[in-house]
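User: I would like to understand on what grounds each term is applied to this model, taken step by step.

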Protein chains: 2
Amino acid sequence: MTSELKLAALELAQRAKVAARELLRRDRRQLVLDAADEIEQREADILAANEMDLARAEGESLAFLDRLRLDGKRLRDMTAALREVAELPDPIGEVVESRTRPNGLRVERVRAPLGVVLMIYESRPNVTAEAAALCLRSGNAALLRGGSEALQTNASIASCFPQDAVQLVPPDRTILDELLQLSEHIDLCIPRGGLSLIRFIAERARVPVIKHYQGVCHLYVAADADLEMARRIAVNAKAQRPGVCNALECLLVDARAAAQALPRIAPALREAGVELRCDERALPLVQGGVAAMADDFGREFLDLKLAVAVVDGIEGALRHIARYGSRHTEAIVTGDARLAERFMNEVDASCVLWNASTRFNDGGELGLGAEIGISTSKLHAYGPMGLRELTCTRYVVRGDGQVRT
Amino acid sequence: MTSELKLAALELAQRAKVAARELLRRDRRQLVLDAADEIEQREADILAANEMDLARAEGESLAFLDRLRLDGKRLRDMTAALREVAELPDPIGEVVESRTRPNGLRVERVRAPLGVVLMIYESRPNVTAEAAALCLRSGNAALLRGGSEALQTNASIASCFPQDAVQLVPPDRTILDELLQLSEHIDLCIPRGGLSLIRFIAERARVPVIKHYQGVCHLYVAADADLEMARRIAVNAKAQRPGVCNALECLLVDARAAAQALPRIAPALREAGVELRCDERALPLVQGGVAAMADDFGREFLDLKLAVAVVDGIEGALRHIARYGSRHTEAIVTGDARLAERFMNEVDASCVLWNASTRFNDGGELGLGAEIGISTSKLHAYGPMGLRELTCTRYVVRGDGQVRT
């Protein structure tokens, strides 16, 4: 059994590797456009597959079922997203740098695909289509390992893409484990999800991994902050879409401003339906707040819940974030430019914001185009990962007989 | 014992992490200049430490002893290299991209240090000084793990750099193994060396690894190649400095040119002292050649030895390199631009060269400045790794109260 699964994993990876080499010579824009057409033509099949997944998921929460469900409108959004990816500028072959050396050598640094990308996720079925399109557009073969709850739907969507260049990995831990060992075949593994998934990957993988880990995002309201701005940003960062990784999870208020700030900010959050879990110093200042439990700090609620703490100056804020942050997104509200620059310089996160909502750490919002996720690994890509981050650069050198002296 | 070593590893890493945070606020150029001064002032101590290592290495080969040996001239070269690194442009804070979004958000992508870099190498003692300087200049704390044969020398050199920001790791596998687990503390591990070292790291590490693996570099002489140019490049690539990773290890000659090419190229290589290990088809065309053994292909000789094979057209060359290459450096000699472009496009290597010696895959020769090594990993840095490759980029966003709608 195990050795059969080992072979299955090796075969998936070998096929992907061959397909990746072939992609170098294909029209990758057209392949993505063709996949979008194919999804439209097979709408009935995809929806039928989705019905099967939904039937199997009976009894799950409404939110769960809603995330899993496809309909005509969602399929149209999916194909529109694919066509947008198709029309993004081709990253492959882009000359990133170019110089002529004194000896006449023409040196270029040029973008090339990574090769084979293994993506692991547990999300809505549209991630299958978008990840496949981003990989394909950037010349990479994709191995997609979605959640078992969406298996039929994902298989149906994946079959609209070129075979071998986009393959679905069966939701079996032995196969996944085996794939994670194949460093000769797989150039990058992107796990997108919670702690237990990321831990499993980190412990097993011999292939390179770029983690897309949770966002424990903080907003620090400095002593001098414009409280109306702080209120607006806090409510937006927490409540505009609480289930995503760039949503706010902890509000830090400077001790010198807390007595004014919390009575201004907290009611607006409560009004937006947010439960406020306060530390000892914040609790007396927050009407309707509840006492935080120890593990509410450093926690990704992904829900209408927010941890609140009072901190002593920027030092206190930096200490709190160094201890509890997840290197995702951190923000400050202040009118003091020097304070803001210090905060942004010393906080370790893929995106730091001054006087803006944490919700802006997103490929589209930062102006990068579609993204495959938000990396919390520093190497290669830190922050939103778009087409460019699915490539590497290599040196291409043209000469006329130069030798080294 | 083991738990003592575990604690020792953790303490090294924790000190490095604190030192890395402090480096953000230090004058990193000055720190490197100070280290160069310190090395000059302690010349006598360093040479005495080197004598101890040399005494312990008695009986080793002359080449081994020569690599290990320091003298006044070599120390002067070392401090000159350090001062060059000090004067390189500061990569930290560099704004790589900048845009203003329609909502007024100012988005910058800015370079920041990686944090803590663990470098593992088995080379001449000057690597200790240069790696320390490159890490420091780019704001990273360095954990340096050199070979045990140079322990006293390396310790003496490392002590000229700021304590904690540059630390020597004792040459003990348990400590190294423990460090490789500390993904909360160590941001990057760079192993530079042969297969067994790289394998050990790849199997154990949970910290991100950028391999600096061996160079099994090929030169493909196409059917139309200018044979005089091919001869010059082959001799330079193999014999100018055979002990380095960008030296040629295998000559591939197109079958259509072999009868003319090999009698032109081989004697020049033989004259340069190169032993030619030929496949069946090459052997009759190479006077003084010997039959290659199976493992001579894909082998990094690092010596005046060269594998030689006859291949069928570019397809044969590409197949051979796909099978035996190490993603380091690959070159073609041809007058045919389309053939050259196809070769450079389809060969998978950090540097591909047309009508030039493989010896040019080097940070200085490509115009990048000093390098910490040549990465054969695709992620983050592929090819020579200089100051810039010891940094990451993060998003810094400045607003005036923007929220997401």
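Analyst: The C-alpha centres of domain 1 of chain A and domain 2 of chain A lie 34 Å apart; the bounds, which come from an automatic or database domain assignment, are 2-213 + 378-396 for domain 1 and 217-360 for domain 2. This is a predicted model, in which local features need pLDDT of at least 70, side-chain atom pairs count only at pLDDT 80 or more, and totals for chains, interfaces and linings use all residues. Residues are numbered from 1 along each chain as its sequence is written, while chains are lettered from A and ligands numbered from 1 in the order in which they are written.

User: How do you know which hand the crossing of helix 10 and helix 11 of chain A has?

Analyst: Helix 10 (residues 227-239) and helix 11 (residues 258-271) of chain A, like the strands below, are DSSP runs numbered from the N terminus (helices H or I, at least four residues; strands E, at least two). Their axes come within 9 Å and cross at roughly 35°, the axes being lines fitted to C-alpha atoms, for helices over the stretch in contact, with angles from 0 to 180 degrees between N-to-C directions. A crossing is right-handed if the near helix is turned clockwise from the far one by less than a right angle, and left-handed if anticlockwise; helix 10 of chain A passes helix 11 of chain A in the right-handed way.

User: Which residues of helix 10 of chain A meet helix 11 of chain A?

Analyst: On helix 10 of chain A they include A:Leu227, A:Ala230 and A:Val235, and among those they meet on helix 11 of chain A are A:Ile265 and A:Leu269, contact requiring C-beta atoms, placed from the backbone, within 7 Å. This contact divides into eight nonpolar, one polar and three charged residues, where Ala, Val, Leu, Ile, Met, Phe, Trp, Tyr, Cys and Pro count as nonpolar, Asp, Glu, Lys and Arg as charged, and the others, Gly among them, as polar.

User: What makes the two copies related as by a two-fold rotation axis?

Analyst: Superposed by least squares on the C-alpha atoms of residues with pLDDT of at least 70 in both, chain A can be laid on chain B with an RMSD of 0.0 Å by a turn of 180° and a shift of 0.0 Å along the axis. The copies are therefore related as by a two-fold rotation axis. In chain A, the C-alpha nearest the axis belongs to A:His380, 1.9 Å from it.

User: How many residues does each chain give to the contact, and which element supplies the largest share on chain A?

Analyst: Chain A gives 55 residues and chain B gives 54, and strand 16 of chain A supplies the largest share of its side, 11 residues. That side of chain A has 25 nonpolar, 16 polar and 14 charged residues.

User: Why are strand 16 of chain A and strand 13 of chain B called paired?

Analyst: Pairing asks for at least two DSSP bridges between two strands, and these strands are joined in the parallel sense over five bridges, with A:Val396 opposite B:Val352. Both belong to an open sheet of 10 strands with mixed pairing, in the order 1(A)-2(A)-16(A)-13(B)-12(B)-7(B)-8(B)-11(B)-9(B)-10(B).

User: Why do strand 1 of chain A and strand 10 of chain B stand at the edges?

Analyst: Strand 1 (95-100) of chain A and strand 10 (290-291) of chain B each have a single partner strand, so one side of each is left without a neighbour in the sheet. For strand 10 of chain B that partner is strand 9 (residues 275-278) of chain B, joined to it in parallel by two bridges, with B:Arg277 opposite B:Val290.

Terms used: Contact = placed C-beta atoms within 7 Å.
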